[in-house]
Amino acid sequence: MQDNFDFCTNCGKKHKRNNVIGIFVGLAGAILVVSAVFALVIVQKNSLKSPIEGVSKRVYVQGQEYLEKMDTDNVKKVVMQYADSDANSSVPMKEIHEHIDEVDFEVNVGKDPTNEEIYYAKVIDKFWESKSICYAHRAIMAQYKNSDESAEQMAATLYKGKVSDFEDSIDEAREVFEKALDMEDMEEAYQILDSIWENEV
């Protein structure tokens, strides 16, 4: 007869306990461990993807980092100094970003890029072109402001509104681009950027 003691009070032999509960507990624990590992693998796998279909995580992250760096004071200063130089006055506004040797925001898409990655890099370059033009315009406005001529100061005031509108459009394109999930979304951001400078020289 078995009771609550580990050993029989009559003969002294150890009782054989029913291990069904222990088996269930062990099985449940094993299932939890496997589930946790599976969930971790899924999370890590998803973290290696970019939100844009056809664009690898490496290319995506590089582009997003470039967008952040384009807005830094150092980059603005470099572009404005370039635009402010008399030696560079003949360079068309749309080409300024190609001549800034101190900074480079060309996305490296690798050897066998997808069509989406190629276009993604194209949009990043369009952001760089647009921001460079804005920074260059700011340099020109600064020159106007330093002039004693009232007509030039008035032109600078009117021009400031135009550039502010351009910058607002760039911000709009950035919002669209940050939510992009496919080629069509990227094209929408590119069109916004392209349209605001279509008459720019």
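Reader: Which residue lies over the face of Y190?

Author: The structure shown is a predicted model. In this model the ring of Y190 has a residue over its face, at 4.9 Å from the ring centre. That residue is K122.

Reader: How many helices and how many strands are in the protein?

Author: From the N terminus on, the elements run α-α-α-α-α-α. No strand is found, as the count of strands is zero. The number of helices is six.

Reader: What arrangement do the rings of F105 and W128 have?

Author: A search of the whole structure finds six aromatic pairs. In the pair of F105 and W128, the ring centres are 4.7 Å apart and the planes stand at 80°. Planes over 60 degrees apart count as edge-to-face. The angle of 80° therefore makes the pair of F105 and W128 edge-to-face.

Reader: How many residues apart in sequence are the parts that F105 and W128 tie together?

Author: F105 lies in the loop between helix 3 (73–84) and helix 4 (115–145), while W128 lies in helix 4. The pair therefore ties together parts of the chain whose separation in sequence is 23 residues.

Reader: Is F105 buried or exposed, and what is its relative accessibility?

Author: A residue counts as buried under 20% relative accessible area. Its partner W128 has 3% relative accessibility, so W128 counts as buried. F105 also falls under the cut-off and therefore counts as buried, with a relative accessibility of 4%.

Reader: Is the pair of Y120 and F177 stacked or edge-to-face?

Author: The ring centres of Y120 and F177 are 5.4 Å apart, with 25° between the planes. Planes under 30 degrees apart count as stacked. The pair of Y120 and F177 is accordingly stacked.

Reader: Which helices does the pair of Y120 and F177 link?

Author: Both Y120 and F177 are buried. They are 57 residues apart, and the pair links distant parts of the chain. Y120 belongs to helix 4 and F177 to helix 5 (residues 150–178), which gives the answer: helix 4 and helix 5.

Reader: Which residues form one aromatic cluster with Y120 and F177?

Author: The cluster has Y120 and F177 among its members. F177 touches both Y120 and F127, among others. The other members of the cluster are Y60 and F127.

Reader: Which helix gives the most residues to the largest nonpolar core?

Author: In soluble globular proteins, nonpolar side chains tend to be buried together. Here the largest nonpolar core has 45 residues, of which Y120, F127 and F177 touch the most other members. The elements that give two or more residues to this core are helix 2, helix 3, helix 4, helix 5 and helix 6 (183–196). With twelve residues, the element that gives the most is helix 4.

Reader: What distance does helix 2 reach from its first C-alpha to its last?

Author: Helix 2 (residues 57–70) has 14 residues. At 1.5 Å a residue, a span of 20 Å is expected. The distance in the model is close to this value, at 20 Å.

Reader: Which residues is Q62 in contact with, leaving aside its neighbours within four places in sequence?

Author: Q62 lies in helix 2, where the buried residues also include Y60 and L67. At 16% relative accessibility, Q62 falls under the 20% cut-off and so counts as buried. Leaving aside neighbours within four places in sequence, the contacts of Q62 are E106, V107 and N108.

Reader: What percentage of the residues of the protein count as buried?

Author: The accessible surface comes to about 13,300 Å², of which 53% belongs to carbon and sulfur atoms. Of the 201 residues, the share that counts as buried is 32%.

Methods
Residues are numbered from 1 along each chain as its sequence is written. This is a predicted model: local features need pLDDT of at least 70, side-chain atom pairs count only at pLDDT 80 or more; totals for chains, interfaces and linings use all residues. Side-chain values use heavy atoms; hydrogens and water are left out. Rings of Phe, Tyr and Trp (its six-membered ring) pair if their centres lie within 6.5 Å; planes under 30 degrees apart count as stacked, over 60 as edge-to-face and the rest as tilted. Helices (H or I, at least four residues) and strands (E, at least two) are DSSP runs, numbered from the N terminus. Buried means under 20% relative accessible area, exposed over 50%, partly exposed in between (1.4 Å probe, protein chains only). A charge sits over a ring if NZ of Lys or CZ of Arg is within 6 Å of the ring centre and within 35 degrees of the ring normal. The expected span of a helix is 1.5 Å times one less than its number of residues. A nonpolar core is a set of buried Ala, Val, Leu, Ile, Met, Phe, Trp, Tyr and Cys residues joined through side-chain atoms within 4.5 Å. Contact means heavy atoms within 4.5 Å. Accessible areas come from the Shrake-Rupley method with a 1.4 Å probe; for residues, only the protein chains shown count as cover.
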